[in-house]
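Biologist: Could you take a close look at the cysteines for me, and put them in the setting of the whole chain?

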Amino acid sequence: MMENSVKKLESEVVMKRERNRGIWEFEHGMPADGGGQDLILGLDGGTTSTVCISMPVFSFDDDRLPPDPPPVLARAVAGCSNHNSVGETAARETLERVMADALSKSGSTRSAVRAVCLAVSGVNHPSDQQRILSWLRAIFPNDVKCFVHNDAVAAMASGTMGKLHGCVLIAGTGTIAYGYTEDGREARASGAGPILGDWGSGYGIAAMALTSVVRAYDGRGPPTMLTSRILHQLELSSPDELIGWTYADPSWARIAALVPIVVSCAEAGDEVANGILLDAVQELALSVKAVVCRLRLCGEDGKDACPLVMVGGVLEANRKWDIGKEVISCISKEFPKMVPVRPKVEPAVGAALLAWNFLKKQS
């Protein structure tokens, strides 16, 4: 039995090696210099999707800032790369495929890469960073600079053109607040996943809505418009069926997709939906305040200016019930000079800019 287990493991390793070799098969027959232009890969990996962009290594002359917006040679998209959500093997394969896809679209190979910056959700501890770094260095040539961060780092850099100072609030499927000082200190709040309470996230908002529907059906909570709207959206006939729907596939992004229904019900005057969004605003604001206070980003008296980069679908200002605007209103009562920043570039570009700034410092 032991011998069979060893053979099975060896077979799985060989199959994985062959599969990964196929990912980079496009490099065969390409020039040895990888296409002639030095590149940086920037990657933003989230619970819903993973984006990788390739960017040329532009001039490091003097104190020149990077072009605004920076040039992007190619962009590739894949699925979830959060190892806490899909497992480490699937996450790594997604990351490797999306990087290969971006290089292929650029007409380049790994030999043209000067630096790679991966900013991935689920990177919450130095051990996470080291594990991914070891794997990353095995993929690229030895002279390639490799960096691994939480996805909040790329989100911050997307609003500050690659510099790390201030606070970033991400509210998409999940949520996290991260802060950085000019002397290198950092702090975070939230971002522990749905079980440990990503309240204010898309998942948190939608989960509360589903709970409210069940409570209303049981008679434990007030009636709500959410019941008819959610059942219609999911093509269900009774709240009883929500149990089967939810546990058939409790993936975070699938639940979070119900957020627009909660917002529309709140806009239509539903008190339950409105209460859910108000609670989300308070939770998101608390995360930012916790980070700002720990790092004293707004000074000892809270009156100094500080950027707040805001990223994620929950914070998008395209509705009458504007969650992002309400969060800012709540925060400004305590930190009046907090400056909201809506990034002009996506987080994957922010990741590439982080790598460019590092190369510039070393040049």
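Modeller: Sure, and keep in mind that this is a predicted model. Let me begin with the charges: the protein carries 36 positive and 42 negative ones, and their mean positions lie 2 Å apart. As for the fold, there are 13 helices and 10 strands. The radius of gyration is 22 Å, close to the 21 Å from the globule rule for 363 residues, so the protein is as compact as a globular protein of that length. Along the principal axes, the C-alpha atoms fill a box of roughly 70 × 65 × 35 Å. If you take the contacts with a separation of 6 or more, 71% of them link residues 24 or more positions apart. Buried residues come to 51% of the 363, while the exposed surface is about 17,400 Å², with 52% of it supplied by carbon and sulfur atoms.

Now the cysteines. A disulfide is a covalent bond between the sulfur atoms of two cysteines. Here, with a cut-off of 2.5 Å between the sulfurs, the count is zero. Take Cys298: its closest cysteine sulfur is in Cys306, 4.7 Å away, which is too far for a bond. Cys298 counts as buried, because its relative accessibility is 1%, and the limit for that label is under 20%. Cys330 also goes without a partner: the closest cysteine sulfur belongs to Cys293 and sits 12 Å off, so that is too far for a bond. At 10% relative accessibility, Cys330 counts as buried too.

Definitions and conventions:
Residues numbered from 1 in each chain as written. Predicted model: local features only at pLDDT ≥ 70, side-chain atom pairs only at ≥ 80, totals over all residues. Heavy atoms only, no water. Helix = DSSP H or I, 4+ residues; strand = E, 2+ residues; numbered from the N terminus. Rg over C-alpha atoms; globule rule 2.2 N^0.38 Å. Buried < 20%, exposed > 50% of the residue type's maximum accessible area, 1.4 Å probe, protein only. Contact = heavy atoms within 4.5 Å. Areas by Shrake-Rupley, 256 points an atom, 1.4 Å probe, with all protein chains shown as cover. Lys, Arg positive; Asp, Glu negative; His and termini not counted. Charge placed at Lys NZ, Arg CZ, Asp CG, Glu CD.
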